[in-house]
Amino acid sequence: QITTLINHKDKPKRSDKTLQAIQRVGQAVNLAVGRFVTVGEAIANENHELKEEMSVACIEARRAGETIAQLTDVASLDHPESDSHITIFTDKTGVVKAARLLLSSVTKVLVLADRIVIKQIITSRNKVLATMEQLEKVSSFQEFVQIFSQFGNEMVEFAHLTGDRQNDLKDEKKKARMAASRAVLEKCTMMLLTASKTCLRHPDCESARINKDGVFHRMRIALEQVIEIVTDSRPNGENEMAPISIYSGIKEFKNKVEGLRENLYFLSKENLSTMLEVILEHTEDFTDSAYTSHEHREHILELSKQAKMELEQLVSVWMQAQNQKTKDLMEDLEVAILKTCQCMNELKREVHGAATSLAADLLKYHTDHMVLKALKITGVEGNLEAVAEYTCKLSEQKEQLVEMCRLLRHVSGTEPLEITCIHAEDTFQVTGPQIISAVETLALHPSSKIAKENLEVFCEAWESQLSDMSMLLREINDVFEGRRGEKRVYLSLPRPGKHNANLKALKPVKLDTEEQAKIAKLGLELHLLTSEVDSETEKWEDQENEIVQHGQGMSSMAYSMYLFTRGEGLLKTTQDLFHQAEIFATEGMKLASAFQAFSDQIHNDDKPLLLLEAEKLIPMCKQLQITAKASVQGKSAIFTKVDACIQKTRNVMTLLCQLLPLCSKLMRKNKAGNGYLKPAPPWREDRIRTGTNAHAPERRAETFGIKSLENHVTNMTFLESK
């Protein structure tokens with residue numbers, strides 16, 4: 001609005017419409033400033049240490065808003081210009097000055113408010129740390145329960161504050177680091193409960209003490225990392241030195257090489273040689289790894305050697321071109337640039353293949369959690385010899401998974417995914433020894449219920465991280481294939497010049513920023529539902545099954561619609577979205593038929609429930625088709641149609657989230673021999689798999705496992721202490 005005022009064109013003749021519009025804008029600015037300042041003043045009253053600064057900034061902002069309103073009060077312009085009334089037309093510099101003052105004072109208010117938020121987070125962190133110190137020193141169950149209840153409330157407050165802050169962060173790297181630290185705190189809160197109880201029950205047990213100390217130590221590190229992100233600082237003033245991945249190194253190297261087309265003198269040959277040396281040093285992480293296949297190792301070594309040769313040739317031609325810019329030399333330089341870049345692309349492809357194939361093999365091999373199951377059994381039996389044998393196997397597994405994370409980090413493709421890989425590596429590195437100390441405690445006290453429960457909690461954390469790795473691997477592959485985190489491309493997605501033969505008369509429309517903001521919450525709900533549907537379809541052993549195929553296709557299309565709400569993905573215009581909604585509805589009706597066919601194969605009392613739910617699918621899909629095909633005109637009507645299409649898509653996906661688990665349940669009950677599903681996993685494993693979601697951009701801040709913790713604390717008995 002301010003920009004509109006300043007940029008308006010001075011015309012000799014001004015219509016009443018123009019004058020009224022200018023006056024409305026000025027009044028709107030003043031009202032907006034008034035509302036903003038009211039909030040600022042309320043914040044100032046609650047925070048006395050910054051009250052003076054905040055009050056001054058608010059007064060300046062209010063004064064500037066009033067000045068703009070006065071200068072745009074053009075109602076009196078019916079009178080001659082000789083009137084002493086000053087307006088935007090007689091003194092445009094006044095509006096410019098007022099606008100500058102307004103922006104300056106508003107910025108001050110925002111900065112001061114931000115300082116207050118940071119202070120709130122630090123204060124909350126300090127409360128948590130103080131209570132943690134009390135928890136470490138307690139010697140009785142009763143005292144522990146009282147303090148832990150307080151600790152739970154403080155963690156809820158910290159979760160709210162840091163969750164809001166994470167949403168506000170613009171830097172994707174910081175956002176990923178914050179998410180990783182908060183995930184650690186969430187999981188460690190339950191670990192702290194069971195580890196502390198175990199230590200209280202067995203105060204002379206060294207392994208129980210080590211287990212508890214490990215949890216407290218990890219929580220303190222995570223709390224410190226949150227504060228580092230919030231305050232944008234490092235301890236002792238040191239700078240963060242993130243390790244460079246092969247992907248980022250190759251990307252920077254190629255940019256420098258391709259820059260030679262524009263400027264032959266902007267960097268030295270030594271600079272390029274050093275960059276390549278760093279990249280090739282990182283490839284040694286692959287060639288030195290015991291888990292890299294012989295074939296991949298040989299290819300990486302060959303490509304490294306070739307990269308050196310291509311760079312030597314490039315440097316030779318480059319040096320000649322600096323001395324003499326002939327046509328032939330420039331053509332030779334272009335060829336050398338292309339060959340060097342092609343070689344680096346092949347190297348990137350090779351290390352990607354090495355890392356992802358290793359990850360896929362390891363995740364598949366460890367998906368049955370045999371070592372964890374054996375540890376639980378041998379721990380309860382008190383078989384120390386068997387426990388020692390299986391803890392060695394778990395240590396080997398940990399080393400494999402840590403190496404997998406290190407290699408995946410090199411090929412992650414984006415900084416947030418790179419940080420997720422580092423977080424996963426840390427989790428395996430820390431959780432492995434914690435499981436070992438927990439099972440050693442159980443083996444020494446095989447009849448202890450709390451020691452058994454404690455081992456379960458740490459095993460669940462391990463299983464959860466393995467489940468997250470499958471999601472992470474898929475995202476890394478998506479980035480490599482150019483989908484930048486989108487799901488697989490559905491074949492019927494609209495393309496330019498395709499599917500649009502009957503739509504030529506319609507003008508493509510994109511959502512503006514304001515409309516995207518309005519629809520963001522709806523899009524996020526759709527995103528979460530697609531993750532839930534994916535989680536359910538992945539449980540089916542027969543991935544070619546008709547129900548799975550249609551379910552996955554619908555999830556993929558719904559995800560594309562979610563990306564549209566963010567202004568991303570393959571759906572560029574509202575017309576693309578409407579066409580996608582039509583195809584989604586058609587796919588839904590095919591899925592309804594597949595559910596009908598499935599119901600004919602089963603004989604169970606629950607069959608009517610399946611039919612009842614499946615019958616809802618057809619009318620919902622028909623309603624979506626009608627909405628998507630309806631002709632509308634005007635910006636407001638188009639946005640309403642977009643909103644309706646996404647809402648109806650969300651409703652269909654919600655129904656799918658109910659139908660797919662129901663089919664799983666019926667299949668397991670009937671065991672008809674059709675091989676649709678894997679055997680049902682244990683309830684704990686199933687809960688972890690479905691509860692963990694790597695795609696969700698932001699877990700609800702209030703979760704943090706606190707509700708379950710409160711229930712746990714409430715139901716604690718003191719039988720063991722007796």
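This is a short talk about the helices, the nonpolar cores and a few single residues of one chain.

Thanks, everyone. Before anything else, please keep in mind that what you see above is a predicted model, and that everything I say about contacts and burial is computed from that model.

Let me begin with the chain as a whole. Its secondary structure comes to 22 helices and zero strands, and of its 722 residues, 48% count as buried. If we take the contacts in the chain with a separation of 6 or more, 78% of them are accounted for by residues 24 or more positions apart.

From there I would like to go to the interior. In soluble globular proteins, nonpolar side chains tend to be buried together. In this model the largest nonpolar core has 105 residues, and the members that touch the most others are Leu272 and Leu408. The helix that gives the most to this core is α11, residues 327–365, which supplies 14 residues. The core also draws on two domains, with at least three residues from domain 2 (136–231) and at least three from domain 3 (246–359). Apart from this core lies another one, of 49 residues, including Ala581, Ala628, Ile638 and Leu662.

What is Leu272 in contact with, once we leave aside its neighbours within four places in sequence? The list runs through Phe253, Lys256, Val257, Leu260 and Leu267, and then on to Leu311, Leu314 and Trp318.

The other residue I named, Leu408, brings us to a helix pair. Leu408 is in α13, and together with Gln400, Met404 and Leu407 it meets a set of α11 residues, namely Ala355, Thr356, Leu358, Ala359, Leu362 and Leu363. The axes of α11 and α13, the latter being residues 384–410, come within 9 Å and cross at roughly 150°. An angle over 145 degrees counts as roughly antiparallel, and therefore α11 and α13 are roughly antiparallel to each other. The crossing in which α11 passes α13 is left-handed.

A second helix pair can be described in the same terms. Helix α6, residues 172–201, and helix α15, residues 449–480, have axes that come within 8 Å and cross at roughly 155°, which makes α6 roughly antiparallel to α15. Here, too, α6 passes α15 in a left-handed crossing. On the α6 side, the residues in contact include Lys187, Met190, Met191, Thr194 and Arg201, and among those they meet in α15 are Glu453, Asn454, Val457, Phe458, Ser464 and Asp468.

I will turn now to three single residues, starting with Ser124, which has its place in helix α4, residues 92–137. Is Ser124 buried or exposed? Its relative accessible area is 1%, and because buried means under 20%, Ser124 counts as buried. Beyond its neighbours within four places in sequence, Ser124 is in contact with Glu154, Glu157, Phe158 and Leu161.

The remaining two are both in helix α2, residues 16–46, where we find Arg35 and also Ala21. Arg35, at 55% relative accessibility, counts as exposed, whereas Ala21, at 29%, counts as partly exposed. Each can be paired with a residue further along the chain: Arg35 and Arg62 are 27 residues apart in sequence, with their C-alpha atoms 9.7 Å apart in space, while Ala21 and Thr72 are 51 residues apart along the chain, with 9.6 Å separating their C-alpha atoms.

That is what I wanted to show, and I am happy to take questions.

How values were computed
Residues are numbered from 1 along each chain as its sequence is written. This is a predicted model: local features need pLDDT of at least 70, side-chain atom pairs count only at pLDDT 80 or more; totals for chains, interfaces and linings use all residues. Side-chain values use heavy atoms; hydrogens and water are left out. A nonpolar core is a set of buried Ala, Val, Leu, Ile, Met, Phe, Trp, Tyr and Cys residues joined through side-chain atoms within 4.5 Å. Buried means under 20% relative accessible area, exposed over 50%, partly exposed in between (1.4 Å probe, protein chains only). Helices (H or I, at least four residues) and strands (E, at least two) are DSSP runs, numbered from the N terminus. Domain bounds come from an automatic or database domain assignment. Contact means heavy atoms within 4.5 Å. Axes are lines fitted to C-alpha atoms, for helices over the stretch in contact, and angles run from 0 to 180 degrees between N-to-C directions. Angles under 35 degrees count as roughly parallel, over 145 as roughly antiparallel, 65 to 115 as roughly perpendicular and the rest as oblique. A crossing is left-handed if the near helix is turned anticlockwise from the far one by less than a right angle, and right-handed if clockwise.
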